[in-house]
Amino acid sequence: MALDPQDLEGRIEDTIHFDEYKPKMGNDDAVIVATFKVFGKQPAYDLENFIEKGYDWVIDAETSAGEISEGRYIVFVEAERRTSYPRNFMSLINDLRNLTDVEDWRMVYYERPDTKKNPVQPLSMDTLNSIPLSPKKYRDGKLAAAAMESILNTARVPRTSGDLQEFKTYQQKDR
């Protein structure tokens, strides 16, 4: 079934999450997982189908098996962690503007375990470029956080309960 203009109006939340979940089709350092929250099972399947069939850079698109909250589903979109990702993803977003009523897309990149430290920001080429776009940059970011934690412990910097979360990188959720 083909989607017509505004078919997904009022169905997709305006905030896209990046790297909140582990990929199914590869390693964390090689695959970016973007997630859309969609109201309704059929609209979620429609979005999944639209993305999977329309973009050759997408490795996989899949709808969550069950609801995440009443009537809401997640559509997972996996793609290679490459410098071309922001351009490709913004092309997808421009196409979605014809299917939805979302004017101002926002994003959250899951970098820290404490979700309060992962700010919601406007979705743009610049903010997408803040995501590690190569396997090496992704691994380097994880290593830098581990090194910082080790330095603080070695230096015996006074610590408080729970402050370790400040320095750990986000551990993705399994689906």
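## The overall layout

Helices here are DSSP runs of H or I with at least four residues, and strands are E runs of at least two, numbered from the N terminus. Counted that way, the protein has four helices and six strands. Keep in mind that this is a predicted model. Walk along from the N terminus and the elements come in the order β-β-α-β-β-α-β-β-α-α.

The protein has 175 residues, and 42% of them count as buried. As for contacts with a separation of 6 or more, 68% are made by residues 24 or more positions apart.

## Helix α1

Helix α1 covers residues 41-54. Its 14 residues reach 20 Å from the first C-alpha to the last, close to the 20 Å expected at 1.5 Å a residue.

Which residues of α1 are buried? They are P43, A44, D46, L47, E48 and I51. So what sits over them? The cover includes strands β2, β3 (58-63) and β4, along with helix α2.

## Helix α2

Helix α2 takes in residues 85-96. With 12 residues at 1.5 Å each, α2 should span 16 Å, and because its end C-alpha atoms are 16 Å apart, the model agrees with that figure.

The buried residues of α2 are Y85, P86, N88, F89, M90, L92, I93 and L96. Their cover includes β1 (15-18), β2 (31-39), β4 (72-80), α1 and α3 (125-128).

## Where the two helices meet

Two packed helices are described by the angle between their axes and the distance between the axes. For α1 and α2, the axes come within 12 Å and cross at roughly 130 degrees. That angle makes α1 oblique to α2, because it falls short of the cut-off of over 145 degrees for roughly antiparallel. The crossing is right-handed.

On the α1 side, the contact is made by L47, F50 and I51, while α2 brings in L92, D95 and L96. How do these residues divide into nonpolar, polar and charged? Five are nonpolar, none is polar and one is charged. Some of the contact residues turn up among the buried ones too: L47 and I51 are buried in α1, and L92 and L96 are buried in α2.

## An aspartate in a loop

D19 is worth a look as well. This residue lies in the loop between β1 and β2. Its phi is near 60 degrees, a positive value in a residue other than glycine.

Is D19 buried or exposed? D19 counts as buried, because its relative accessibility is 1% and the cut-off for buried is under 20%.

Note on methods
Residues numbered from 1 in each chain as written. Predicted model: local features only at pLDDT ≥ 70, side-chain atom pairs only at ≥ 80, totals over all residues. Heavy atoms only, no water. Axes fitted to C-alpha atoms, helices over the stretch in contact; angles between N-to-C directions. Parallel < 35°, antiparallel > 145°, perpendicular 65-115°, else oblique. Left-handed = near helix turned anticlockwise from the far one by under 90°. Contact = heavy atoms within 4.5 Å. Nonpolar A, V, L, I, M, F, W, Y, C, P; charged D, E, K, R; others polar. Expected span 1.5 Å × (residues − 1). Buried < 20%, exposed > 50% of the residue type's maximum accessible area, 1.4 Å probe, protein only.
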